[in-house]
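Biologist: I am new to this one. Please show me the sequence and the model.

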Amino acid sequence: MNLPNKLTVIRILLIPLFMLVLLLPLHWGNIVLAGTAIPKTSLIGAIIFAGASITDFVDGQIARRKHLVTNFGKFADPLADKMLVMTAFIILVQMGKVPAWVAAIIVCRELAVTGLRLIVVENNGEVMAAKMPGKIKTASQMFSIIFLFLNNVFFANIHFPIGQVLLYICLFFTIYSGIEYFYNARHVFADSFGKDKE
């Protein structure tokens, strides 16, 4: 197994640890960072999430630069990314930090676009590259999750809800980029909505 695939497997294995730290009734108290009280479990969870997100970026870069792209990587890398993000949002909903309807839209979009990409690859063998709206979605999503777990550290003292602001930026680009993906790939559905042949 090459290095990018090992990083992907590590990211998948970090998800259960991420869940356990945040969901088990661990009473480890709070830590004060930049004047903001943060539960130690949330801090550890945010560190795990950030570390896993970094491996997502690194393994893709290594795979492309060293030509180590494999079928396992094509399958597992996006799956690991979606599993991590969906898990984080579900936990944040349980913690009362993210509205359930926002998480539902994000999760449904991720599943829909993942399915679309599989259809596009099956039809013409090309992987749909992420465009700028998708990249903004990914970045705002990652930083939103981290700041929400950390109680808007560095911004709480000035009463600026950075995590929530990033969340709704993420929501906007989630919807926009999802529509863009489906519009650009509309040709794969042409045979489904065309006129019936006589």
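What follows is a short exchange on the core, a helix pair and a hairpin.

Modeller: This is a predicted model, where local features need pLDDT of at least 70, side-chain atom pairs count only at pLDDT 80 or more, and totals for chains, interfaces and linings use all residues. Residues are numbered from 1 along each chain as its sequence is written, and side-chain values use heavy atoms, with hydrogens and water left out.

Biologist: Which helix supplies the largest share of the largest nonpolar core?

Modeller: A nonpolar core is a set of buried Ala, Val, Leu, Ile, Met, Phe, Trp, Tyr and Cys residues joined through side-chain atoms within 4.5 Å; buried means under 20% relative accessible area (1.4 Å probe, protein chains only). This core has 31 residues, and F18, F89, V98, I145 and F149 touch the most other members. Helices are DSSP runs (H or I, at least four residues), numbered from the N terminus. Six residues, the largest share, come from α3.

Biologist: How do α2 and α5 run, roughly parallel or roughly antiparallel?

Modeller: Axes are lines fitted to C-alpha atoms over the stretch in contact (heavy atoms within 4.5 Å), and angles run from 0 to 180 degrees between N-to-C directions. The α2 and α5 axes lie 8 Å apart, at an angle of about 165°. Angles over 145 degrees count as roughly antiparallel and under 35 as roughly parallel, so α2 and α5 are roughly antiparallel.

Biologist: Which residue stands opposite I38 of β2?

Modeller: Strands are DSSP runs (E, at least two residues), and two strands pair if DSSP finds at least two bridges between them. Four bridges join β1 to β2, and the two run antiparallel. Opposite I38 stands I31.

Notes:
Buried < 20%, exposed > 50% of the residue type's maximum accessible area, 1.4 Å probe, protein only. Parallel < 35°, antiparallel > 145°, perpendicular 65-115°, else oblique.
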